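Here is a quick walk through one protein chain, from the overall layout down to a handful of residues. Have a look at the model first.

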Amino acid sequence: MVVGNGKPHHAKAFREDEKITFTLWVDPEMEAYRAAGLKRGMGSVFTRRSMGHMARAMRGGFRQSRTKGDAWQNGGAFVISSEGKTLFTQISRESGDHAEVADILAALDSAAA
């Protein structure tokens with residue numbers, strides 16, 4: 001499942017643009033973000049490290065389109081078992097700080113075992 005902070009029409013467009021087939025939720029009031037302790041604010045968006053992340057993304061051919069939702073909200077990644085046990089947590093320190101896909105997949109494998 002993915003939780004975004006935009007509005008329902010943003011989620012619909014994202015689902016169509018990215019061909020999403022899994023559960024996609026929106027949390028315009030960002031209650032889930034606060035509950036998870038995710039960072040928000042200019043100080044975590046514009047850092048030296050975030051500028052490095054931006055340069056890496058641009059070198060890889062990625063460009064950010066128009067922001068939908070709260071531009072100051074950073075994200076994270078969580079793997080939670082069906083029993084409610086947290087198997088993986090990554091809280092972005094700044095914009096562009098993402099979890100390693102291999103780490104998420106390993107946590108998902110452990111949940112399936």
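Of this chain's 113 residues, 24% count as buried. Keep in mind that the model is a predicted one. The chain has five helices and four strands, and, read from the N terminus, the elements come in the order β-α-β-α-α-α-β-β-α. As for contacts with a separation of 6 or more, 50% of them join residues 24 or more positions apart. On the outside, the accessible surface adds up to about 8,300 Å², and carbon and sulfur atoms hold 57% of that.

Now for some single residues. The table puts their accessibility side by side.

| Residue | Relative accessible area | Class |
|---|---|---|
| Glutamine 90 | 12% | buried |
| Alanine 99 | 18% | buried |
| Valine 3 | 35% | partly exposed |
| Lysine 19 | 66% | exposed |
| Methionine 30 | 11% | buried |

Start with glutamine 90, which sits in strand β4, residues 86-91. Its relative accessibility is 12%, so glutamine 90 counts as buried, the cut-off being under 20%. What does glutamine 90 contact, apart from neighbours within four places in sequence? The partners are Gly76, Ala77, Asp97, His98 and Ala99.

That last partner, alanine 99, belongs to the loop between β4 and α5, the helix of residues 101-112. Alanine 99 is buried as well, because its 18% falls under the 20% limit. Setting aside neighbours within four places, alanine 99 touches Ala77, Phe88, Gln90 and Ile104. Ala77 therefore turns up in the contact lists of both glutamine 90 and alanine 99. Take Phe88 next: phenylalanine 88 and alanine 99 are eleven residues apart in sequence, and their C-alpha atoms lie 9.8 Å apart.

Over at the N-terminal end, valine 3 is part of strand β1, residues 2-4. Together with Met1 and Trp25, valine 3 makes a nonpolar surface patch of about 360 Å². Valine 3 itself is partly exposed at 35%.

Finally, a word on backbone angles. Most residues other than glycine have a negative phi. Lysine 19 has a positive phi of about 55 degrees, though it isn't a glycine. Methionine 30, also not a glycine, has a positive phi near 60 degrees. Where do these two sit? Lysine 19 is in the loop between α1 (8-18) and β2 (24-26), while methionine 30 is in the loop between β2 and α2 (31-35). Lysine 19 is exposed at 66%, whereas methionine 30 is buried at 11%.

Terms used. Residues numbered from 1 in each chain as written. Predicted model: local features only at pLDDT ≥ 70, side-chain atom pairs only at ≥ 80, totals over all residues. Heavy atoms only, no water. Helix = DSSP H or I, 4+ residues; strand = E, 2+ residues; numbered from the N terminus. Buried < 20%, exposed > 50% of the residue type's maximum accessible area, 1.4 Å probe, protein only. Contact = heavy atoms within 4.5 Å. Areas by Shrake-Rupley, 256 points an atom, 1.4 Å probe, with all protein chains shown as cover. Patch = residues over 30% accessible without salt bridge, like charges linked within 9 Å, V, L, I, M, F, W, Y side chains within 5 Å. Salt bridge = Lys/Arg side-chain N within 4 Å of Asp/Glu carboxyl O.
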